[in-house]
Amino acid sequence: MPADESSNIHCRLDELLEARGMTLTELSRQVGVSLVNLSVLKNDRAKAIRFSTLTAICNALDCEVGDLLVIPRPA
């Protein structure tokens, strides 16, 4: 994939936070990732994510990677 193409991966961080009654700020404190970086991820603007960050987010939200990151399928 060319560097200027975006992926179709969607981050469901908003939905997972809402379902758990957690704020982005609270998640930021728990996982040690800046609010700005979590916001980039939440808004589907991230180009990459470290496995350690992904693991920390999934642990904090008690979810699997597939719950957080999905590839939307055409209807």
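This tour moves through a predicted model, one selection at a time.

**Helix 1**

Begin by selecting helix 1, residues 13-20. Its buried residues are L13, L16 and L17. With the view turned down the helix axis, these buried residues fall within an arc of 100 degrees, so they line one face of helix 1. On the face turned away from that buried side, the exposed residues E18 and A19 are found.

Next, display what covers the buried residues of helix 1: the cover includes strand 1 (10-11), helix 2 (24-31), helix 3, helix 4 and helix 5 (65-68). Then step past the end of helix 1 to G21, which follows the helix and has a positive phi, near 65 degrees.

**The largest nonpolar core**

Select L13, L17, L27, L38, I57, L61 and L68 together; these are the residues with the most contacts inside the largest nonpolar core, which has 17 residues. At least two residues of this core come from each of helix 1, helix 2, helix 3 and helix 4. Helix 4 is the element that gives the most, with four residues.

Keep I57 selected and show its surroundings. Residues up to four places away in sequence not counted, I57 touches L13, L27, V31, L38, L41, I49 and L68.

**Helix 4**

Extend the selection to the whole of helix 4, residues 51-61. Which residues of helix 4 are buried? They are T53, L54, I57, C58 and L61. Viewed down the axis of helix 4, the buried residues fall within an arc of 130 degrees, so they too line one face of their helix. Rotate to the other side of helix 4 to find F51, S52 and N59, which are exposed.

The cover over the buried residues of helix 4 includes helix 1, helix 2, helix 3, helix 5 and strand 2. Immediately after the helix, select D62, whose phi is positive, near 50 degrees.

**The second largest pocket**

Now select V33, N37, L38, V40, L41, A46, A48, I49, R50, T53 and I57, the residues that line the second largest pocket. The pocket holds about 190 Å³ of space. Helix 3 (35-42) and helix 4 are the elements that give two or more residues to its lining. Helix 3 gives the most, with four residues. Coloured by residue class, the lining divides into eight nonpolar, two polar and one charged residue.

Two residues of this lining, L38 and I57, are also among those with the most contacts inside the largest nonpolar core.

**S28 in helix 2**

Move to S28, which is found in helix 2. Is S28 buried or exposed? S28 has a relative accessible area of 13% and is buried. Apart from neighbours within four places in sequence, S28 is in contact with V33, S34, L35 and L38. Of these contacts, V33 and L38 also belong to the lining of the second largest pocket.

**I71 after strand 2**

Finish at I71, in the segment after strand 2 (69-70). I71 is partly exposed, with a relative accessible area of 46%. Neighbours within four places in sequence set aside, I71 is in contact with N8 and I9. For a last selection, show the C-alpha atoms of I71 and I9: the two residues are 62 residues apart in sequence, and their C-alpha atoms are 4.7 Å apart in space.

Conventions:
Residues numbered from 1 in each chain as written. Predicted model: local features only at pLDDT ≥ 70, side-chain atom pairs only at ≥ 80, totals over all residues. Heavy atoms only, no water. 1 Å grid on protein atoms, 1.4 Å probe; cavity = no way out; pocket = protein on both sides within 12 Å on 5 of 7 lines; lining within 4 Å. Points joined across faces, edges and corners; volume = space filled by probe spheres on them. Nonpolar A, V, L, I, M, F, W, Y, C, P; charged D, E, K, R; others polar. Buried < 20%, exposed > 50% of the residue type's maximum accessible area, 1.4 Å probe, protein only. Arc of directions from axis to C-beta. Contact = heavy atoms within 4.5 Å. Core = buried A, V, L, I, M, F, W, Y, C linked by side-chain atoms within 4.5 Å.
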